[in-house]
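Take a moment to bring up the model and turn it around. We will walk through an enclosed space first and then a pair of packed helices.

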Amino acid sequence: MRALVNTKNMLLHAYDHHYAVGAFNVNNMEVIQGVAKAAKEQRSPVILQASSFTGQYADLGYIVGIAENAARLADVPVALHLDHGEDLETCKEFIQAGFTSVMIDGSHLPYEENVALTRSVCEYAHRYDITVEGELGTLAGVEDGRSAEQSLYTDPEQARDFAERTGVDSLAIAIGTSHGAYKFKPGQKPMLRFDILEQVSRLMPRLPIVLHGASSVNQEDIAEINAMGGDISGAIGIPEEMLAQASRLAVCKINVDTDLRLAMTGAIRKYLHEAPEQIDYRKYIGAGRDHLAERVSHKMKNVFLSAERY
């Protein structure tokens, strides 16, 4: 039986053993259950993460309580992480609610302001043994109300300066991923800048690197949604083989949100289409939860290479 942990040891273990820990955005009980079920079955560490928008949707007390129970049942290392914290006060709120790790996203600020903000969060969080993730560079796309038109790749030398001056425990960098289901324009070939990743790793050995916007956008789930009355066309994600390659390098945390939404939505649409008389929401939400768990298990085993680590 385990309690929630911070991300420090799990990410360093991933760094040393050349795999990545999946960080899955969760908004309700069923998503947490599905992710935790996969983690238990695969004996994989896992990060449950939520944004401030999740706090608005579901009181943080619900999320923390369900996550704590999930950690006890999964019996593998489970962290509860704030994704894209806007400011110091937001990070304090989530820490006080029971989160064990936070991300402060100052990537939209001028560099020196990002350094100062991130350092202030680290100084506060580390007093409570809470780990901190910072971010350098800009990812294109839209996620929970945050948007950017173009990506701005992370500069490796600046990343080293940032890590040294802030004291972050992990660093999210921009090497070609993007938020949302539409990561690339039609005809654009997905590409990750592994040269930047390798430079960052060389300059900052044993600093865990994070990839945001790293959903693969499973085309089977897209087809299922569209076949059942949905309208998602042209969505494309990061190829799994690229993510597996990143997992073998310095990338220790890979964020997944869109893939969970697609998996649950497709399964629920299919269930209701095949059983139009059904009004028991436990049935169709349960179908979505179970399909989501299958998708997460696949990622842990075949993409992040985190299965059978505990």
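By class, the residues lining the largest cavity of this predicted model comprise 5 polar, 3 charged and 2 nonpolar ones. To find them on your screen, look for Thr7, Leu11, His81, Ser101, Thr131, Val132, Glu133, Asp169, Ser170 and Lys253, which together form the lining. Which element gives the largest share of that lining? Strand 5, residues 131-136, does, with 3 residues. The volume of this largest cavity is about 30 Å³, and the count of cavities of 30 Å³ or more comes to 1.

Now let us move along the chain to helix 11, residues 258-274, and helix 12, residues 281-303. Their axes lie 8 Å apart, and the two helices pack at an angle of about 140 degrees. Angles over 145 degrees would count as roughly antiparallel and 65 to 115 as roughly perpendicular, so helix 11 is oblique to helix 12. As for handedness, helix 11 and helix 12 make a right-handed crossing.

It is worth displaying the side chains here. On the helix 11 side, the contact involves Asp259, Leu260, Ala263, Met264, Ala267, Ile268, Tyr271 and Leu272. Facing them from helix 12 are Lys283, Tyr284, Ile285, Ala287, Gly288, Arg289, His291, Leu292, Arg295, Val296 and Lys299. Sorted by class, this contact of helix 11 with helix 12 has 12 nonpolar residues, 5 charged ones and 2 polar ones.

Note on methods:
Residues numbered from 1 in each chain as written. Predicted model: local features only at pLDDT ≥ 70, side-chain atom pairs only at ≥ 80, totals over all residues. Heavy atoms only, no water. Axes fitted to C-alpha atoms, helices over the stretch in contact; angles between N-to-C directions. Helix = DSSP H or I, 4+ residues; strand = E, 2+ residues; numbered from the N terminus. Parallel < 35°, antiparallel > 145°, perpendicular 65-115°, else oblique. Left-handed = near helix turned anticlockwise from the far one by under 90°. Contact = heavy atoms within 4.5 Å. Nonpolar A, V, L, I, M, F, W, Y, C, P; charged D, E, K, R; others polar. 1 Å grid on protein atoms, 1.4 Å probe; cavity = no way out; pocket = protein on both sides within 12 Å on 5 of 7 lines; lining within 4 Å. Points joined across faces, edges and corners; volume = space filled by probe spheres on them.
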